[in-house]
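Student: I would like to go through the aromatic side chains and one helix contact of this model. Please give the cut-offs as we go.

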Amino acid sequence: MTNSSDRILQTGLTSSNLADNNRLLETIKACVHIGAFIITGLFTCLIIATVRHNQELRQNPRYVLLCQHCICVTGFNIMGAVVHGLRSLCWPIPRITCWILFDLQIVMARGLMITLTLMSISTCLSICMPLRYPILVQRLYRWVALVACILALLNPVVFTVLACVRFPWDYVVGLDTECSTALEGTACIASALALLLLLVLLIIISYVVIYLEGRRAGHFTQSNSKGRRTILIHSLQMSLHILPSLIIISRHQEALPVAVAIFILFSFAQSLSPVVFGLRCKELYKEMPQFLPCIWGTCGGCGYIGSMDSTSTGTITSAETAASIETNTSTCMATSTPSAITTAHEVENERSDFTELPVYV
């Protein structure tokens, strides 16, 4: 009898400690999401304002995708703050409301990975097929956007609708203090992992093709530290973004300190996306609004990030430039990364015979 009482007491204490740890973890996640939302929101507003006020950037699909990517990152953080905040406060709200809020967060998470993949593919196509790239964009842009929206919405919508059909309506609209989700089934998790792995595979293939094209053109040599450093930065950022995502989607249970460390790493990598893929792009950086003069190099001791070669245009100038790659440090690998250009001398020689090919969306 005494042993049974002790086991019951230990079980109760374990359950209480687990509930306290989960509530603490949800509180930390909500605070991290709020901080990440503030940071990414500022960068997102700055990038979108810059692209909107420049016609050339608005017509470039890479910068359109960058704006959509930043919106998804910001939306993911604000929805994460709401969901985890409700879980930490244990407020009783209708279960269907929790399901919809979590679905919106998942849609934003899928959107940011899809846009990141499309930016890599867009850059790869602009390098490997510079003359056909504008035509491909005109023909495929709307279809690609439609497929991207379907992929982002399919999993959350389908499994939430199935949950609404499977459970009684009283349960669906009933109050829930844990803010649960309808996306916990094995099929849902497996499909989410499959999509993530597919997107990662496409990103890796795009970067490998970009690297091989640059190596064939002789730009990724040992003396070219700028191009190699750009590849390293982007590879590290994507690794920090993808690996924690795999752990979170798989629902693997870790100790509280490990779970907090993984989540902070995940949020930090996401918050870096607007900086790595936006502010390091030369074409975008030089068009930034000038309301922060010291940051944008208009005051005495400040200058542009890295060395910006004024002869690097980041656009395609002729058919002969298809194999040439820009390796300027400040140029972004996923949005404008190694864009196909010629050397300064070749540009001057070819300007009389070729005109730049504009990119339309």
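Student: Is Tyr171 buried, partly exposed or exposed?

Tutor: This is a predicted model, where local features need pLDDT of at least 70, side-chain atom pairs count only at pLDDT 80 or more, and totals for chains, interfaces and linings use all residues. Residues are numbered from 1 along each chain as its sequence is written, and side-chain values use heavy atoms, without hydrogens and water. Buried means under 20% relative accessible area, exposed over 50%, partly exposed in between (1.4 Å probe, protein chains only). Tyr171 has 36% relative accessibility, so Tyr171 counts as partly exposed.

Student: Which class does the pair of Phe167 and Tyr171 belong to?

Tutor: Rings of Phe, Tyr and Trp (its six-membered ring) pair if their centres lie within 6.5 Å; planes under 30 degrees apart count as stacked, over 60 as edge-to-face and the rest as tilted. For Phe167 and Tyr171 the centres are 4.9 Å apart and the planes at 40°, so the pair is tilted.

Student: Which residue forms one aromatic cluster with Phe167 and Tyr171?

Tutor: The search of the whole structure finds two aromatic pairs. One of them joins Phe167 to a ring 6.5 Å away centre to centre, with 50° between the planes; that partner is Trp99. At 2% relative accessibility, this partner counts as buried. The residue that completes the cluster is Trp99.

Student: How far is the charged end of Arg95 from the ring centre of Tyr171?

Tutor: A charge sits over a ring if NZ of Lys or CZ of Arg is within 6 Å of the ring centre and within 35 degrees of the ring normal. The charged end of Arg95 sits over the Tyr171 ring, and its distance from the centre is 4.0 Å.
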